[in-house]
Amino acid sequence: MKTAEARLLFVGTGSALGGSEKVLYRLARAERPSWGAVEVCSLKPAGHFGALLERDGIPVASCGLRDGAGVRGGLATLAAALPLMHVVRRFRPTLIHAFLFRAGL
C-alpha cells in the first residue's frame, strides 16, 4: 500500500491544553501531507487543540471519557472503548498512534 493511500489515526486521552496534546496537534498537522487521510480521536471531549485541528481540516472524534480515579476511572476508560471501536470501524486506519496511558490501553 502506498503511503498516499494509507490512513493514520491518532488516539489521545484529551485535546485540551497540555504538552502531549500540543505534540499530537503538531504531529497530526505535519503528517497530514504524507498520508491519504489523517484523523484524531480524543478519548475525552475535544478541547483547545481539537478545535485547532478541526479548523485545519483534520477531523476530530471524541469518545466522551470523563475523569475519574480508581475503579471509577477504570470503568470510564472501558466505557470509552466502544465509541473508539466505532471510530476505528468507520475510519479503517492503516496505523494507529496512541498518546498517553489511557489512550494506549
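## Helix α3 surface and the parallel sheet

L78 lies in helix α3, which spans residues 70–91. In this predicted model, L78 is exposed, its relative accessible area being 61%. Together with V71 and L75, L78 makes a nonpolar surface patch of about 340 Å².

The sheet is open and has 4 strands, arranged in the order β3-β2-β1-β4 with parallel pairing. Strands β3 (60–62) and β4 (95–99) occupy the edges; each has a single partner strand, so one side of each lacks a neighbour in the sheet. On average, neighbouring strands are turned by 20° against each other, direction ignored.

Helix α1 (residues 19–31) packs on this sheet and touches β1 (7–12), β2 and β4. The direction of helix α1 makes about 170° with that of β1.

The strand pairs and their bridges are as follows.

| Strand pair | Sense | Bridges |
|---|---|---|
| β1 and β2 | parallel | 6 bridges |
| β1 and β4 | parallel | 5 bridges |
| β2 and β3 | parallel | 3 bridges |

Individual residues can be placed within these pairings. Between β1 and β2, R7 stands opposite A37 of β2. On the β4 side, L9 has I96 as its bridge partner. Strand β2 covers residues 37–42, and C41 has A61 of β3 as its bridge partner.

Strand β1 is largely enclosed by the rest of the structure, because 5 of its 6 residues are buried, where buried means under 20% relative accessible area. By contrast, L78 in the patch is exposed at 61%.

Definitions and conventions
Residues numbered from 1 in each chain as written. Predicted model: local features only at pLDDT ≥ 70, side-chain atom pairs only at ≥ 80, totals over all residues. Heavy atoms only, no water. Pairing = 2+ DSSP bridges. Helix = DSSP H or I, 4+ residues; strand = E, 2+ residues; numbered from the N terminus. Axes fitted to C-alpha atoms, helices over the stretch in contact; angles between N-to-C directions. Contact = heavy atoms within 4.5 Å. Patch = residues over 30% accessible without salt bridge, like charges linked within 9 Å, V, L, I, M, F, W, Y side chains within 5 Å. Areas by Shrake-Rupley, 256 points an atom, 1.4 Å probe, with all protein chains shown as cover. Salt bridge = Lys/Arg side-chain N within 4 Å of Asp/Glu carboxyl O. Buried < 20%, exposed > 50% of the residue type's maximum accessible area, 1.4 Å probe, protein only.
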